[in-house]
Amino acid sequence: MSKTSKKIVNLALQGGGSHGAFTWGALEGLLEDGRVDFRTISGTSAGSMNAVVLVYGLIVGGAAKATALLEQFWRKVSESGSFGMPSNFGMQNAARTAENLFDPMGLMHGGMMAAGAYAGFDMMSKWLSPYQFNPLGVNPLRDILLSVVDFKVFSAATPYNLFVAATDVLQSRLKTFTDTEVTVDAVLASACLPQLFQAVKINDHYYWDGGYMGNPTLFPLTNCPASQDILIFQIDPIARREVPRTPGSIADRINEISFNSPLLVELRGIRLINQLIHAGHLTAEQCGLRELYLHIVSDDAKMATLPLETKFNTDWDFLNGLRQSGYQSAKKWLEENFATLGSKSSIDIDALVA
């Protein structure tokens, strides 16, 4: 397909630890299909990592290079055995403690070991902060990112607009890093869970995970002149069919609600703007905004089965399973909705946020 026949969309990549491998697969599906192009991308936490690897790959070698680098990044995550979980300074002992407590027969393995490590860390984090158990501020993701991405390229003029979301700890504000601000520290700030890592200091400001304020943030995408379409890669399910009743399922649902809340607030804002434009109360000349078409790639049926601790599971089979789910979800979405791009939303936003 020729370049001019492609449709342009704006991408919004949600965070979610190892569950970000779903977005990896979805991006792979879009790149392989070749009918969509993107120039503006917003990412949070794992979404920001997928975003910087994607953009860097596109800049240096096009779709093929971006696809290869995304796989390289996730393989390195799997090989390191950590998606942010600080295994190099106490996690192994925490995991052994949890294993002895919850699996005295030694039956834990694979994903179960990840659950044990998470349980051990959860216990430890109630008594110690990362300023105590990780005084040097070690983050295994730093070396992984630097081995895959040359962040100097983001200081040069590129055809891509990249937005990386983080939370300003002291100001309770969303910080969106873009252009020359997109450094490895900015990406680590976007993925800084305060139970795991010390706040990331950048220019006298301290940052935590961007998911507390925007997961992902949408408003940087609202003024893109090339497209009115926003395609969200959804990791955390918004809706559930049953009330959680076990401690684990309650914790999972609290996590989902907390990290989806900023997204729902922004979706309601976009819905209101669209309604005012449709009613003739706002025009592009008045507010500088146009009607926006919203789309979501997700697999709630699968993601809803994954407990919170699996966001730290880096087993390759697990990551590759999420990749396949994302790939298939993107392909299905393209098949069903490509024709609507540029003309209408493919989701019922009223039902989603009402």
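Hi everyone, let's start with a single residue: Trp208 is partly exposed, because its relative accessible area is 30%, and partly exposed covers the range between under 20% for buried and over 50% for exposed. Before I go on, please keep in mind that this is a predicted model.

So where does Trp208 sit? You will find Trp208 in strand E6, which covers residues 205–209. Trp208 also helps to make a nonpolar patch on the surface, together with Leu174, Tyr212 and Met213. That patch comes to about 310 Å².

Now let's step back and look at the whole protein. There are 354 residues, and 52% of them count as buried. How many helices and strands are there? The secondary structure comes to 12 helices and 8 strands. About 15,900 Å² of the protein is exposed, with carbon and sulfur atoms supplying 54% of that area. And here is a number about the fold: take the contacts between residues at least 6 apart in sequence, and 77% of them join residues at least 24 apart.

Next, the aromatic rings. Searching the whole structure gives 6 aromatic pairs. One of them is Phe151 with Phe154, a tilted pair with 5.9 Å from centre to centre and 50° between the planes. Are these two residues buried or exposed? Phe151 has a relative accessibility of 10%, so Phe151 counts as buried. Phe154 comes in at 7%, so Phe154 counts as buried too.

Another pair is Phe177 with Tyr207, and this one is edge-to-face: the centres are 5.2 Å apart and the planes make an angle of 75°. What does this pair tie together? Phe177 belongs to strand E4, residues 173–178, while Tyr207 belongs to strand E6, so the pair links parts that are 30 residues apart in sequence. Phe177 and Tyr207 are both buried. If strand E6 sounds familiar, that is because we met Trp208 there at the start, partly exposed at 30%.

Rings can also gather in a group. Here, one aromatic cluster is formed by Trp24, Phe73, Trp74 and Trp316.

Let me finish with Phe338. Which charged ends sit over the ring of Phe338? Lys7 has its charged end over that ring, 4.7 Å from the ring centre. Arg35 has its charged end over the ring of Phe338 as well, at 4.2 Å from the centre.

That's my tour, and thanks for listening!

Technical notes. Residues numbered from 1 in each chain as written. Predicted model: local features only at pLDDT ≥ 70, side-chain atom pairs only at ≥ 80, totals over all residues. Heavy atoms only, no water. Patch = residues over 30% accessible without salt bridge, like charges linked within 9 Å, V, L, I, M, F, W, Y side chains within 5 Å. Areas by Shrake-Rupley, 256 points an atom, 1.4 Å probe, with all protein chains shown as cover. Salt bridge = Lys/Arg side-chain N within 4 Å of Asp/Glu carboxyl O. Helix = DSSP H or I, 4+ residues; strand = E, 2+ residues; numbered from the N terminus. Buried < 20%, exposed > 50% of the residue type's maximum accessible area, 1.4 Å probe, protein only. Contact = heavy atoms within 4.5 Å. Phe/Tyr/Trp six-rings, centres within 6.5 Å; stacked < 30°, edge-to-face > 60°. Lys NZ or Arg CZ within 6 Å of the ring centre and 35° of its normal.
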